Amino acid sequence: MKKTPLASAISTILAAGAFSAPVLAQDNAEYLEEDGTIEEVITTGSRIRKDAFTSSSPMDIIDVQEASVQGIANIGQLLQSNTLAAGSPQVTSATSFQFVQNGGLGASTLSLRGLGANRTLVLLNGRRAGPAGVQGGTSSFDLNVLPLSTIQRIEILKDGASSIYGSDAVAGVVNIITRKDDGGSIDAFFSAPSQSGGEQSRINASWGKSFERGNFRVTADYSRQEHLRRGDRDYFECGNELLFDRVTGERADNVDGRTGEFHCDDLTWGHVWIYDSAADSNVPNPFAGTIRSQFDYDGLLGGLIPGYAPATNPGQLTAPAGFFPVGYDRLSDSVQDDDHPFQQEESFIPKTELVTVYAEGEFEITENITAYGEVLLNRRDTESDGYRQYWSYIYSGDFDFGSLGSGVPGGGNTISAAAGWFGEQWYSPTAIIDHNDETVEVDYRRFVAGLRGSLGDRFDWDVAVQVSESDGDYTNDRVFDDSIRAGNFLPGSCVGDTFERNIGTLANPNMATINCVDVPWLDPFLLDGSNVSPEVRDFLFGVETGNTQFDQISVDASISGDLFEMPAGTFQFAAGIHYREDDLIDTPGFITQNSNGFSDQSAGVTTGPTVETEAVFAEVNVPLLVDRPGFRNLTLNASARYTDVNAGPVAIGDDTTWKVGLNWQMTDSMRLRANRGTSFRTPAPFELYLADQSGSISTRIDPCIRYEAEAALGNISEITRANCAADPRNLPVDYPGGSITPSVITGGGIGVLSPETSDSLTLGVIWQPQFANLSFSIDFFDIEVFDEVAQLGGAQIVTECYASEFGFAFSNSEPLCQLFDRSSINNGLDNIMDSFINIAEQRNTGFDFALRYITDTAWGNFTLDLNATLQTKDQRALFEDTLEDLNGIVGDPKWVGESNITLVRDKWSFFWGMDWVGSSSSAEEFRDINGRDFISVRGVGFDGVLSTKSTFYHSLSAQYSFEGGFTLLAGVANALDQAPPQLTLPNTQDLWTLAGNSVLESQYDPYGRRFFLNATYNFGQ
């Protein structure tokens, strides 16, 4: 079959590694000259004008219509489903709510190869796009700011390109290219899941016009994401144990006798934690320490579990009627309240509204000079609903530690006595409240102005200035820490007491006198959140608003062209300069600045000198051989860049990066390519200047609590037990844990952090046989980052210290063990230092596979696209000699892939797409941590689910083009209603994060089956 010029162009696209767009054939005619030859344009990964589809660097080209036919609502979902990103965790709206993510609530960023959004550079029309978001961690481009309606295609460079684009281009480069066609369009989209919640909609209008000396296009877009709440999906709303009998294989979960269903084990709420110090106790607790007392809200507990034995001496516990001990054996675990109705209303995906206006145009000033400009205005409003615990400490009615328990009635707390709580105990009532909402409003503005032109027939030049501004407010519900502390360990009522609260900032205090209010901590209906009086609400709860501003100004100038002719072709070059200023100011709300948020982090204002980046670069394209046996064409591409980064008087770092690529066309059907290069990334402004923050973390992260008993039960590994026993603080075997919440202190690393460097290698082969319109490619990638800037987290620091073979019981050379203290009072975890540090290295290797086949059939034009990525290594070393490979564990699958089939017949177009997430397993990691294969719950062994099977998502759609420019598309995404994988909950917190039993990773679809409709009207074309 003879190829048409268009088919030839498509085949050449495939030689660049672009196989992902199901309708690419219709949309690349713009690259063809009138005679059918391919126009020379600038492509991502090079500054030299050349054939768009014969780059030596591996690339992927995504047509925006790929989103429409799959029911994808935004650019974030489109890019994060690409195989280059799908195998690694991504920041999505869901994860930005569940975790503290860079960019804040609602942010959506892209991390290629799992190396982090800070190491993936996003360009807009070939120019760096400034960050957007809230809170101090803002540093990456927020994909929310650009709607699909403005985009024509997306080019993804699959390897590092710091020598071309500078810092951040470590894992790859994403270049978003906007529409420049003539005519107008009105487009509307709606997606509705088969179960309510998570609906998505958008409407936009766009108009473009070319005239004698220029062109312009203006687009206005409104989009909306409705709340998807935990209770909207049964696979999120209830976390079962998901345990199995090791002999019979039958489910062995606890069954809640009140409902007859498997027990839901999510957030424990509404209990009075009892700290029992009596030698002769009637509290049914097999271990020294704490136990929970629960109110019988349903009136059913008395028929299911025993109550407290009557006190036989003054030191034993006397609890009021209706309270029962729970959480001390499997039976009492089964009726423990761990799943509050507040959880069902919690946002899983927050509500988001986006309003965007984008305009671009150009005007020919003279025959050789053209002026151009871009304006992007975006407003994002994001809302989330949440809930939380809060707690106090209170003496019993006749015991206090001041008198060491005289046993005399009235020697303790009068409020406890009135409520009927007596004995040699003190309590920590833990209440629940739905006062934990957050809203974010971000205004993003980006302006570009430039001139480009030519010098004769040989050289092209371009000068551009970009200004981007992100201005965001973030509003959070808080619990006042000083109000909680005002009632801790009092002998009775606090009415009449006052304290001073700073309602300003530390720099500009504004003191207010607060009258203490008695909080009825032991009231069951305060504990369950159903009856909190207005006076108590005003006393305990507040709201604050912080603001984040990120301004970026950059100037780029470049020149490129043909220098001279060589025997094999033209020697081409490009050179240029880059200057950039980055300014970050994050001003937290007054509660956070004053360290007055209960169990929340405190933070100061994050700011610092302007970070200035200066760079010069050069690139050459050298034809080495042409039309020789075995060498249809051999071309060398080489580039180098010198970058110098300073923050005021402080030198952040400088380096020279380089890249060399070979492009070898062996025969008409076979091409080889190879690239080797280095990259360089200086720490982002927030990594340098983050104001010292302190936040609390649960005392229960301490792996040494009752370490001998826990080791005997199989709950901790032998390595952990040995490290706890060898701790320099001489922790007793029955160590109960500290009573004070440990603080995690973080801060920027200005003057301490070193720049990151990296090496990358890509090797590829492309086969395009002459007997069919078929293209196939394989690319090997190997990216290694050195001195990576990272923040580990307080829990990881402590856990990995005691799980380390270099810990206290061994060589005592584990660096993590030097990052925290223990209290001299009770040996509890104290200050954990979690500032940004340089870790040793991270390495990611694997293969990208792509295949495209196009043919005419009796039913129409048929296109098959297949893409897959095999990750062979995902290694990380926090310090030297601590290398671990995460490849293949849950959340980091070895294989991801996608297939797209398109059939075009007359005015009809049919699409079937399938996304594939490969299997994964954390069973080996579980064995390494725990020293066993089974799940141990209260000393009994169970089998658990520690791995995921391959997951497939199918999308189907059909499109019809009417006369007059109207097109209607309808389809279904996740057609088989595939739920996220379900995993075991108990004793697996170090392996993964779950919502219910569902894996909370970005590669799994949270919505379920959804139906979508897209209507488009094109006019004036």
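Which residue in E20 is the bridge partner of Glu 364? The points below address this and the salt bridges of what is a predicted model.

1. Strand pairing, E19 and E20. The bridge partner of Glu 364 in E20 is Thr 370. Strand E20 covers residues 369–384 and runs antiparallel to E19, with 15 bridges joining the two. The connection from E19 to E20 is a hairpin through two residues.

2. Strand pairing, E10 and E19. E19 (residues 351–366) is also joined to strand E10 (residues 214–225), by twelve bridges, and these two strands run antiparallel. Within this pairing, Asn 215 has Glu 362 of E19 as its bridge partner.

3. Salt-bridge total. The model has a count of 50 salt bridges. Three of the pairs and one network are taken up in the points that follow.

4. Asp 582 and Arg 580. These two residues form a salt bridge in which the closest N and O atoms are 3.0 Å apart. Asp 582 has a relative accessible area of 6% and is therefore buried, the limit being under 20%. Arg 580, at 7%, is buried as well.

5. Asp 668 and Arg 632. The closest N and O atoms of this salt bridge are 1.7 Å apart. Asp 668 sits in the loop between strand E32 (650–665) and strand E33 (670–681), while Arg 632 belongs to strand E31 (residues 631–647), so the pair ties together parts 36 residues apart in sequence. On accessibility, Asp 668 counts as partly exposed at 47%, and Arg 632 counts as partly exposed at 37%.

6. Arg 681 and Glu 756. Here the salt bridge has its closest N and O atoms 3.0 Å apart. The pair links distant parts of the chain, with Arg 681 in strand E33 and Glu 756 in strand E36 (residues 756–767), 75 residues apart. Is Arg 681 buried or exposed? Its relative accessibility is 2%, so Arg 681 counts as buried. Glu 756 has a relative accessible area of 1% and is likewise buried.

7. Network. Which residues are linked with Arg 681 and Glu 756 in a network of salt bridges? They are Arg 119, Glu 687 and Glu 788. The pair described in point 6 thus belongs to this network.

Notes:
Residues numbered from 1 in each chain as written. Predicted model: local features only at pLDDT ≥ 70, side-chain atom pairs only at ≥ 80, totals over all residues. Heavy atoms only, no water. Salt bridge = Lys/Arg side-chain N within 4 Å of Asp/Glu carboxyl O. Buried < 20%, exposed > 50% of the residue type's maximum accessible area, 1.4 Å probe, protein only. Helix = DSSP H or I, 4+ residues; strand = E, 2+ residues; numbered from the N terminus. Pairing = 2+ DSSP bridges.
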